[in-house]
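Biologist: I am new to this structure and would like a close look at a single part. Please start with the smaller matter of how one chain is built up, and then take me through the interior of the other.

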Amino acid sequence: MSEMRWHPLLRQWVVTATHRQDRTYKPPKEYCPLCPTAPGAYPTEVPAPEYEIVVFENRFPSFRPEPPSPDVEGTSLYPVRPAKGVCEVVLYSQDHNKTLREMPLRHIERLVEVWTDRYIELGLREEIEYVLIFENKGEAVGVTLHHPHGQIYAFPFIPPIPKAELDAADEHRRKTGRCVLCDIVDEESKGPREIWRDEFFSAYVPFFARYPYEVHIAVREHLPSLAEMSAAHRVSLARAIKTVGVAYDHLFGFSLPYMMVMHQKPTDGKEHPGAHFHVEFYPLNRTADKLKYLAGCESGAGTFITDMAPETQAQRLREALERGKDACE
Amino acid sequence: MAPTSCVHEERANVEKRVIRKEDGRYLIFYGFDRPLPQVTGESAAQEAAGGGRTGPETHGARPEAAATPGDVAGSSPADLAKGGDA
């Protein structure tokens, strides 16, 4: 079963993809499906003895280009649609043990090029309205394969959180004539929550951080997506991602689990003047050994309760970055 | 899973090759520093467009290779070593 069911109370789609229940779960390293296929060994997902960066269609997709018909009949109360879209897996490198931030800066730059290529190519598809590039890192956020990788979901609709951001950007633009993300970047560059910046990008714990040590990386000029970026922007973005990773990994002394998502311009063919490219990181560790759970208030009310001031979080991340600065190059 | 078709594309600083797996899924190799790797089991040229499903955009791409049988289902180590997902 793979279908989209409408949630009439929240007015959003829920994807039911029951085949994902059987997906590969934490295989031992010697059976990693994301490593290259060694000569004479069992074939993995990658039929080659080595690779730099690989992208492939997810074997257990939530969306697929030719989805099956829904198993249930839709009604006016409960509309149902086929889960038409694309789900890709992005293999960052053939090295099973190296995390994104541990990779050479030059390699991360190339990964940014690959993300850009996928954003453009998937966005050209008629049925795709939003391309979400993301990474789930670490078992704490539900990773089932340890080989460093990210994912791309090409949605047939604009998902609720990017949609809420775009609606807010439209309203802010109507009221002020300015871009809300540009205003946020300006504001954060003045204050105590910024942790890093260069000419093109800024990284900061936002004033409104919801997750512990949440960091946003935003492009400092108003660029809607990866597609509008120059080579210099891509280099800067790679450096920003590595820098945030270094800060995270020196915060508690271990490789910090997180979710990383990129928000950018929808690919539905509309203007979206408020779209402003940025990356959001959501760690779950509020201390070295305590996780932030999305419990009753967060899950049931949609209101996040945070245990630490964003200004304190930013200070600790700056200190962690100082401890790990040699790892930034 | 073994590839069933392959296309090849080069840009200024990146080489890109799209192969088609037996179950219809595509896989894309991106090469920057090194030549793209030889795909395991490459043996015979096959037109990518003849494979049935429409692949990703491959303007100017050159259909290239190859096919070997391979995928199995079940709970063997071979099956465990498949199925990329997060």
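Modeller: Chain B has one helix and four strands. Read from the N terminus, the order of these elements is β-β-β-β-α, which places the four strands ahead of the helix. This is a predicted model, and every value here is computed from it. Of the 86 residues in chain B, 48% are buried. Its accessible surface is about 3900 Å², and carbon and sulfur atoms account for 51% of that area. Among contacts in chain B with a separation of 6 or more, 42% are between residues 24 or more positions apart.

Now to chain A, and to helix α1, which covers residues 105–123. The helix has 19 residues, and at 1.5 Å a residue they should span 27 Å. The C-alpha atoms at its two ends are 27 Å apart in the model, so the expected span and the modelled one agree. Of those 19 residues, 17 are buried, and α1(A) is therefore largely enclosed by the rest of the structure.

The nonpolar interior comes next. The largest nonpolar core has 62 residues, and A:W115 is one of the three that touch the most other members, along with A:F201 and A:I217. Leaving out residues up to four places away in sequence, A:W115 touches A:V90, A:Y92, A:I133, A:L226, A:I241, A:M260 and A:M262. There is also a second, separate core, made of 21 residues, including A:A83, A:F155, A:Y211 and A:Y282.

A:F201 also appears among the contacts of a histidine, A:H233. That histidine lies in helix α4 of chain A, residues 231–249. A:H233 counts as buried because its relative accessibility is 6%, under the 20% limit. Its side chain makes a polar contact of 2.6 Å with the side chain of A:E221. Apart from neighbours within four places in sequence, A:H233 is in contact with A:F200, A:F201, A:V219, A:E221 and A:L223.

Two residues in loops deserve a look for their backbone angles. A:R11 is not a glycine, yet its phi is positive, at about 55°. It sits in the loop between β1 (2–7) and β2 (12–17) of chain A. With a relative accessible area of 65%, A:R11 is exposed. A:H272 is likewise not a glycine and has a positive phi, of about 50°. The loop that holds A:H272 runs between β11 (258–263) and β12 (278–283) of chain A. A:H272 has a relative accessible area of 17% and is buried. The two residues thus share the sign of phi, while A:R11 is exposed and A:H272 is buried.

The cysteines remain. A disulfide is a covalent bond between the sulfur atoms of two cysteines. Over all chains, the count of disulfides is zero. For A:C35, the closest cysteine sulfur is that of A:C32, and the distance of 3.8 Å is too far for a bond, because the cut-off is 2.5 Å. A:C35 counts as buried, at 16% relative accessibility. Another cysteine, A:C297, counts as partly exposed, at 35%.

Notes
Residues numbered from 1 in each chain as written. Chains lettered and ligands numbered in written order. Predicted model: local features only at pLDDT ≥ 70, side-chain atom pairs only at ≥ 80, totals over all residues. Heavy atoms only, no water. Expected span 1.5 Å × (residues − 1). Buried < 20%, exposed > 50% of the residue type's maximum accessible area, 1.4 Å probe, protein only. Polar contact = N/O pair within 3.5 Å; in protein donor to acceptor, adjacent residues only side chain to side chain. Contact = heavy atoms within 4.5 Å. Core = buried A, V, L, I, M, F, W, Y, C linked by side-chain atoms within 4.5 Å. Areas by Shrake-Rupley, 256 points an atom, 1.4 Å probe, with all protein chains shown as cover.
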